[in-house]
Number of protein chains: 2
Amino acid sequence: MTALGDPTRRAIFERLADGPSSVGALATDMPVSRPAVSQHLKVLKAAGLVLDRQAGNRRIYSLDPDGVGALRAYFERFWAHALGAFKQAAERRDEEVS
Amino acid sequence: MTALGDPTRRAIFERLADGPSSVGALATDMPVSRPAVSQHLKVLKAAGLVLDRQAGNRRIYSLDPDGVGALRAYFERFWAHALGAFKQAAERRDEEVS
DNA sequence: GCTTACCGTAAGTTATGACTTACCGAGAGC
DNA sequence: GCTCTCGGTAAGTCATAACTTACGGTAAGC
């Protein structure tokens, strides 16, 4: 989650949501240098959000279904929790009105 | 989204998911000082994730349903998109195998 | 085998932002 | 009216991390 805080890193992450890509292909689309992209990928990989596989000379990065799933689970729990809080707040507001 | 990058700020955000709270109540639960909490709340408010209302002497913060909804919509789109990419990748993998 | 493309890592710079202390204004209670 | 709590803002410090250039190592292509 902290890994998605940086806008550039989030852009890379969203770009990978379109499908796997090599580092060079990512870098040409980004306003930053290739090493910068490489470092961001390292962070994303450490966060478990991204996978890499060797393809001949190049290295192909793609989203990690497990990491994405964990992220989704976190938010699903959050929505449920927040929704409960909203309802409670609404009821309390109603009580105040009545 | 960038606003949720900081762990402390995310902790405040999650704390508000339990229900509205005053600044002081938040600060006593947090390992940081009250002004720090205040600054984080300012960022969250600017990001549209949080609402504040005056209650006598104190200021009560709560989640902003609109902001939370927008966040949720963003992720819903993302899941759908990423899921499509996963399927395509799987199919391509199958083709390679066959 | 030599060059060329691709990529990761190291080192260094710089900017950003998270946090603190100190200060100030505003409402509550006696 | 005076005090006391609550909370936002200012100023300043410090750490983190995002980015660059430079380098090295590995696979492909001729």
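**Entry 1: around the DNA**

I started with DNA strand C and found 23 residues surrounding it. The closest are Ser38(A), Arg59(A), Arg9(B), Ser33(B) and His40(B). I then looked at which atoms of the strand come within 4 Å of the protein: sugar and phosphate account for 55% of them. I keep in mind that this is a predicted model.

**Entry 2: who supplies the surface**

I sorted the surface near DNA strand C by class and got six nonpolar, 11 polar and six charged residues. Next I looked up the elements. In chain A, helix H2 (23–29), helix H3 (34–46) and strand S3 (58–63) each supply at least two residues. In chain B, helix H1 (7–17) and helix H3 (34–46) do so too. H3(A) gives the largest share, five residues.

**Entry 3: polar contacts**

I checked three side chains. Ser38(A) has a polar side-chain atom 2.4 Å from a phosphate oxygen of DNA strand C. For Ser33(B), I noted 2.6 Å between a side-chain N or O atom and a phosphate oxygen of the strand. Gln39(B) reaches a base oxygen instead, with a polar side-chain atom 3.1 Å away.

**Entry 4: aromatic rings**

I turned to the rings and counted nine aromatic pairs over all chains. Tyr74(A) and Phe75(A) have ring centres 5.2 Å apart and planes at 80 degrees, so I logged the pair as edge-to-face. Phe78(A) and Trp79(A) also pair edge-to-face, at 5.7 Å centre to centre and 70 degrees between the planes.

Which of these residues are buried or exposed? Tyr74(A) is partly exposed, at 21% relative accessible area. Phe75(A) is buried, at 3%. Phe78(A) and Trp79(A) are both buried.

Last, I traced one aromatic cluster, with Phe13(A), Trp79(A), Phe13(B) and Trp79(B) among its members.

How values were computed. Residues are numbered from 1 along each chain as its sequence is written. Chains are lettered from A and ligands numbered from 1 in the order in which they are written. Side-chain values use heavy atoms; hydrogens and water are left out. Rings of Phe, Tyr and Trp (its six-membered ring) pair if their centres lie within 6.5 Å; planes under 30 degrees apart count as stacked, over 60 as edge-to-face and the rest as tilted. Buried means under 20% relative accessible area, exposed over 50%, partly exposed in between (1.4 Å probe, protein chains only). A residue is near a molecule or strand if one of its heavy atoms lies within 4 Å of it. A polar contact is a pair of N or O atoms within 3.5 Å; within protein, one must be able to donate a hydrogen and the other to accept it, and residues adjacent in sequence count only if both atoms are side-chain atoms. Helices (H or I, at least four residues) and strands (E, at least two) are DSSP runs, numbered from the N terminus. Ala, Val, Leu, Ile, Met, Phe, Trp, Tyr, Cys and Pro count as nonpolar, Asp, Glu, Lys and Arg as charged, and the others, Gly among them, as polar.
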